[in-house]
Amino acid sequence: MNPQSPGRRPTRTVMVGDVAIGSEHPIRVQSMINASLADPVAAAREVDALARAGCELVRVTTPSLSDVDRLREMRRELSRRSVRVPIVADVHFTPKVAFAVLEVVDKVRINPGNFADRKRWAVEHYSDGEYERELERVAEKFSPLVRRAKALGRALRIGSNHGSLSDRVLSRYGDTPLGMVESALEYGAVCRDEGFFDVVYSMKSSNPRVMIAAYRLLAERLDSQGKLGAPLHLGVTEAGRGIDGRIKSAVGIGSLIEEGLGDTVRVSLTEPSVNEIPVARQLAERAARTRCVSVPPPATGPPDEASDSFLRRGTGLPPVVELEAGHIGDQARGRIDSMVEQLSRASDLRCEGLIVDVFEQADIDRARSFAERLHGLDPDMVLRVRAELCWIPAVRKARLAPLLLLASRTPRYEIEKAVDLLGGELTAVEWSVEFESGLEEGGAVLAGLLDVLDRAGQSALVVGARSDAFAVSHRRLAHAVTRAGFEAEVALRHRGTWADPLAAVIHPAVDLGALLCDGIGTRVSTASGAQPLVDLDLLYRILQGARARMIRPEYISCPSCGRTQFDLESVTRKIQARTGHLQDVKIAIMGCIVNGPGEMADADFGYVGSGPGTVHLFVGRERVEAHVPEREAPDRLEALIRRTGRWRESTAAQA
Ligand code: SF4
């Protein structure tokens with residue numbers, strides 16, 4: 001059994017310098033410096049700061065041959081500072097640089113979309129023979145690097161990026177997770193032919209759903225090749241900044257770690273590189289309690305990017321956002337007043353349902369008057385009353401929406417009695433099944449419930465779980481109800497309090513995001529002990545991070561990277577301040593013209609550094625304004641959004 005985590009996918013071990021990567025070893029944390037190699041001492045200073053913060057491998061961009069000597073100088077400076085962290089060179093478009101820099105670093109990352117290819121779109125369709133000849137050309141260009149890496153004992157990373165695939169791969173597989181995987185495996189085949197196995201793979205995208213699908217597929221393909229597969233480097237690229245960047249990273253990287261995938265991680269934030277390390281560490285540390293490997297997504301097909309219908313079967317509506325108010329006993333009046341006051345200020349963060357717990361008749365009376373106050377705020381807001389089965393008659397009499405708790409030992413005859421008492425109102429009830437840590441008892445209660453409902457002629461239900469194994473229990477629910485032919489809504493009722501503010505974001509984002517990305521979850525709620533507006537804000541951000549419900553613009557912005565042509569963090573802040581009130585618009589803010597247009601993937605608008613002090617503006621993939629002076633660029637971007645009809649005035653401005 002793997003001592004690091006019993007759920008990790010077994011892989012080979014790849015050494016990068018003296019750091020071992022693979023399933024026998026802890027998940028390694030890495031980052032990339034922002035400083036350019038033009039100043040090797042500044043670059044070394046940033047590497048040093050990263051290593052002190054807990055970064056175990058550091059990547060450096062090396063655009064040109066002159067960077068090889070500068071990298072040597074940087075390493076000398078690192079030796080003077082006694083910093084021993086392995087260095088990885090990032091290479092795009094320049095096989096010569098990859099070959100030369102291999103002498104100086106511990107690992108080289110190449111992008112299979114641009115190592116041997118340029119974007120030309122000269123050929124739209126490749127016959128099998130032409131495709132084969134293209135692969136021979138790739139092997140010819142790539143194998144010298146592989147042979148040299150083998151001779152020097154260096155590692156390679158084959159890193160596909162969504163949006164930066166070769167014309168050849170695009171023509172056959174499209175810009176899809178399958179295309180990303182095929183693109184990497186073309187290069188992987190060359191490594192195998194050369195008997196070289198010190199390879200790590202990555203499949204990055206700014207869209208967590210795309211990267212999750214690509215990594216899953218890649219792991220399956222690598223593991224089907226016999227022997228132990230290669231380790232995986234996980235990342236959501238261009239995740240943005242602040243809480244949203246952390247959430248998007250947690251949703252993508254955390255989902256895969258929950259499944260036992262991933263051996264090294266990089267969190268890509270538009271912030272100083274050291275800020276990435278605590279986020280990456282928290283995600284890596286979750287691997288120690290991974291339990292989810294054996295439960296794949298339910299057989300509802302992969303999430304469809306163009307539609308949210310998979311999220312709420314039968315209605316096509318996105319998940320409902322609810323809050324938990326806990327027990328509203330006699331002492332809770334002040335808390336209720338403050339909750340009503342906060343919800344009255346919630347503006348675009350709509351609370352669509354509130355859940356209270358009842359234990360006695362007096363609680364039900366209090367719930368009734370609470371419901372009336374909520375109705376005054378928003379007539380559509382529902383108050384759900386969570387109770388044990390014995391309170392059903394009282395809850396129904398008060399005309400409140402019941403959420404029934406099924407404890408792990410609820411016997412079948414009690415469920416039958418509840419169904420009897422509810423009469424024809426079965427669809428208006430949410431059943432919450434308690435999954436104990438062993439998960440077996442909860443499964444048995446669920447099976448009993450489904451059987452009773454089936455006999456009662458019921459085919460639709462809302463069901464949730466209470467369990468510390470959050471993802472596993474909800475995946476089991478989703479599987480069981482779809483297998484049993486139920487038209488189910490699965491409610492995700494998250495609970496937990498964390499003293500550390502970062503943990504309070506990361507853990508709910510992983511638990512909820514992993515399920516939402518797989519189309520599981522029609523209602524989401526949380527009970528974190530925080531203020532209601534804080535919880536609401538977090539839920540909406542997680543839904544947005546998982547692309548399940550978009551109420552704000554989506555920003556795709558570069559992380560720390562030595563190729564950037566402007567101060568990404570301040571420019572991103574400026575653009576966010578102007579456009580933060582827009583809805584359902586994706587804006588990419590990319591540091592360089594070399595990779596920016598490719599890596600901005602499915603953005604509606606692009607702001608791409610084209611040279612010192614200048615920017616190109618894009619609508620989708622089309623460049624519409626070139627070399628705009630940087631000081632004018634935010635205004636011109638706004639004008640562009642207005643011209644395309646995607647602008648709306650902010651309500652604050654209107655007031
Ligand atoms: S697009 Fe951004 S992250 Fe990618 S190479 Fe250019 S500056 Fe770096």
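Two strands are taken to pair if DSSP finds at least two bridges between them, where strands (E, at least two residues) and helices (H or I, at least four) are DSSP runs numbered from the N terminus. The structure is a predicted model, in which local features need pLDDT of at least 70 and side-chain atom pairs count only at pLDDT 80 or more, while totals for chains, interfaces and linings use all residues. Residues are numbered from 1 along each chain as its sequence is written.

**The sheet**

With parallel pairing, eight strands form an open sheet in the order β8-β7-β6-β5-β4-β3-β10-β9. The edges are held by β8 and β9 (233-234), each of which has a single partner strand, so one side of each is left without a neighbour in the sheet. Helix α7 (residues 208-223) packs on the sheet and touches both β8 and β9, contact here meaning C-beta atoms, placed from the backbone, within 7 Å. The direction of α7 makes about 150 degrees with that of β8, the angle running from 0 to 180 degrees between N-to-C directions of axes fitted to C-alpha atoms, for helices over the stretch in contact.

The pairings for which a bridge partner can be named are set out below.

| Parallel pair | Bridges | Residues opposite each other |
|---|---|---|
| β7 (residues 155-161) and β8 | six bridges | L156 and V199 |
| β6 and β7 | four bridges | I110 and I158 |
| β5 (residues 87-91) and β6 | four bridges | V88 and K107 |
| β9 and β10 (residues 264-266) | two bridges | H233 and T264 |

Between β5 and β6 the chain passes through helix α3 (residues 95-101), and the three elements make a right-handed β-α-β unit, right-handed meaning that, with the strands pointing away from the viewer, the path from the first strand over the helix to the second runs clockwise.

**Burial of the strands**

A residue is called buried if 20 or more other C-beta atoms, placed from the backbone, lie within 10 Å of its own, exposed if 12 or fewer do, and partly exposed in between. By this criterion strand β8 (residues 199-204) is mostly covered, six of its six residues being buried. In a regular strand the side chains alternate between the two faces of the sheet. Both faces of β8 are covered, with V199, Y201 and M203 buried on one side and V200, S202 and K204 buried on the other. Strand β6 (residues 107-110) is likewise covered on both faces, K107 and R109 lying on one side and V108 and I110 on the other, all of them buried.

**Two buried residues outside the strands**

L165 lies in the loop between β7 and α5 (167-173), and L165 counts as buried because 28 C-beta neighbours fall inside 10 Å. Leaving aside residues up to four places away in sequence, L165 touches G113, L170, D175, G179, M180 and S183.

V279 belongs to helix α9 (residues 276-286) and is buried because 24 other C-beta atoms lie within 10 Å. With the same sequence exclusion, of residues up to four places away, V279 touches R246, S249, V267, L502 and I506.

**The ligand shell**

Around the ligand stand C558, C561, R563, T564, M590, G591, C592, V594, N595, G596 and E599, a residue being included if its C-beta atom, placed from the backbone, lies within 6 Å. This shell has five nonpolar, four polar and two charged residues, where Ala, Val, Leu, Ile, Met, Phe, Trp, Tyr, Cys and Pro count as nonpolar, Asp, Glu, Lys and Arg as charged, and the others, Gly among them, as polar.
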